[in-house]
Amino acid sequence: MFLDLNCDLCPLCRGRTRVVAPSGDYSSPVVLVGEAPGEREDLSGAPFVGRAGKMLDRLLEEEGLPRGSVMITNVVKCRPPRNRRPKEDEVQACRPYLEDDLKGKMIIVCLGKTACEALLGYKVTLKEVANQTFTIALGRERIDLVPTYHPSAALRNLEAREGLRATIRLILERFPDLQG
Ligand code: URA
């Protein structure tokens, strides 16, 4: 892993407890990309272990996609103060780590607006792009990208929950071997 667990490339290093490394199967064709670690992730060092993570776990389980069969990461690897959205310079500083996470993947699933905008490179309205397939260029690779709702939105909003569920089904249609 290329991620530096003592990274000090941006000011988020000053407030963090731990750098949060990706979890799951690093060699999976599928990567889920969230926004940034929250409090529980900052304390444990693993992504999506708090309330949003429990919602993600529940939907993955209900649809039969084992969490350990995909890779899970974030746009920035350190918790922003008071869980604010990461700033553009923080996203840019962390970008080499994110690009390393995405190498060799066949599908990038962007959980929420921050991940979608960081990887598509333009502003989006989630409702308009959710569950469509885009293609992005990363170095010489072209990789499919599917925007979807963030699990924290799925906690409060049924449309987001069903949208995220539809994304999990779409992953399983493309990669039936991942089924638990
Ligand atoms: N929200 C995110 O975007 N990522 C996490 O790891 C946890 C909550």
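# Tour of the cavities, pockets and ligand site

Select α2, β4 (107–111) and α7 (158–174): each of these elements supplies at least two residues of the lining of the second largest cavity. The model on screen is predicted.

**Second largest cavity.** Within this selection, colour α7 separately, as α7 gives the most to the lining, with four residues. Now show side chains for the full lining: Leu32, Leu56, Leu60, Val109, Leu111, Leu164, Thr167, Ile168 and Ile171. By class, eight of these residues are nonpolar, one is polar and none is charged. The space they line has a volume of about 40 Å³.

**Largest cavity.** The structure holds two cavities of 30 Å³ or more. For the largest cavity, the volume is about 110 Å³. Select Cys7, Leu9, Cys10, Cys78 and Cys94, which are the closest to its centre among the 14 residues that line it. How does the lining of the largest cavity divide by class? Ten residues are nonpolar and four are charged, with no polar residue in the lining of the largest cavity.

**Second largest pocket.** Move on to the pockets, and select α3 (88–102) together with the residues listed next. The second largest pocket is lined by Arg85, Pro86, Glu88, Val91, Gln92, Arg95, Thr114, Glu117, Ala118, Gly121, Tyr122 and Lys123. The elements that give two or more residues to this lining are α3 (88–102) and α4 (113–120). Of the elements, α3 gives the most, with four residues. The lining of the second largest pocket divides into four nonpolar, three polar and five charged residues. About 270 Å³ of space lies in this pocket.

**Largest pocket.** Next, display the largest pocket, which contains about 380 Å³ of space. Select Ala36, Pro37, Gly38, Glu41 and Asn83: of the 17 residues that line the largest pocket, these are the closest to its centre. Add α1 (39–44) and α2 (51–63), the elements that give two or more residues to the lining. α1 gives the most, with three residues. By class, the lining of the largest pocket has five nonpolar, six polar and six charged residues.

**Ligand.** Where does the ligand sit? The ligand sits in the largest pocket, so keep that view and show the ligand as sticks. Select the residues that surround the ligand: Gly34, Glu35, Ala36, Glu41, Pro47, Phe48, Asn74 and His150. This shell divides into three nonpolar, three polar and two charged residues.

Then label three atom pairs, one for each of the following residues.

- Ala36: a polar backbone atom of this residue is 3.0 Å from a nitrogen atom of the ligand.
- Phe48: a polar backbone atom of this residue is 2.9 Å from an oxygen atom of the ligand.
- His150: a polar side-chain atom of this residue lies 2.8 Å from an oxygen atom of the ligand.

To finish, compute the surface of the ligand with and without the protein. The ligand taken alone exposes 240 Å², and the protein buries 91% of that area.

How values were computed. Residues are numbered from 1 along each chain as its sequence is written. This is a predicted model: local features need pLDDT of at least 70, side-chain atom pairs count only at pLDDT 80 or more; totals for chains, interfaces and linings use all residues. Side-chain values use heavy atoms; hydrogens and water are left out. A residue is near a molecule or strand if one of its heavy atoms lies within 4 Å of it. A polar contact is a pair of N or O atoms within 3.5 Å; within protein, one must be able to donate a hydrogen and the other to accept it, and residues adjacent in sequence count only if both atoms are side-chain atoms. Accessible areas come from the Shrake-Rupley method with a 1.4 Å probe; for residues, only the protein chains shown count as cover. On a 1 Å grid over the protein atoms alone, a cavity is a set of points where a 1.4 Å probe fits but cannot get out, and a pocket is an open set with protein on both sides within 12 Å along at least five of seven lines; lining residues have an atom within 4 Å of a point. A molecule sits in a cavity or pocket if more than half of its atoms lie within 2 Å of its grid points. Ala, Val, Leu, Ile, Met, Phe, Trp, Tyr, Cys and Pro count as nonpolar, Asp, Glu, Lys and Arg as charged, and the others, Gly among them, as polar. Grid points are joined across faces, edges and corners, and a volume is the space filled by probe spheres set on the points.
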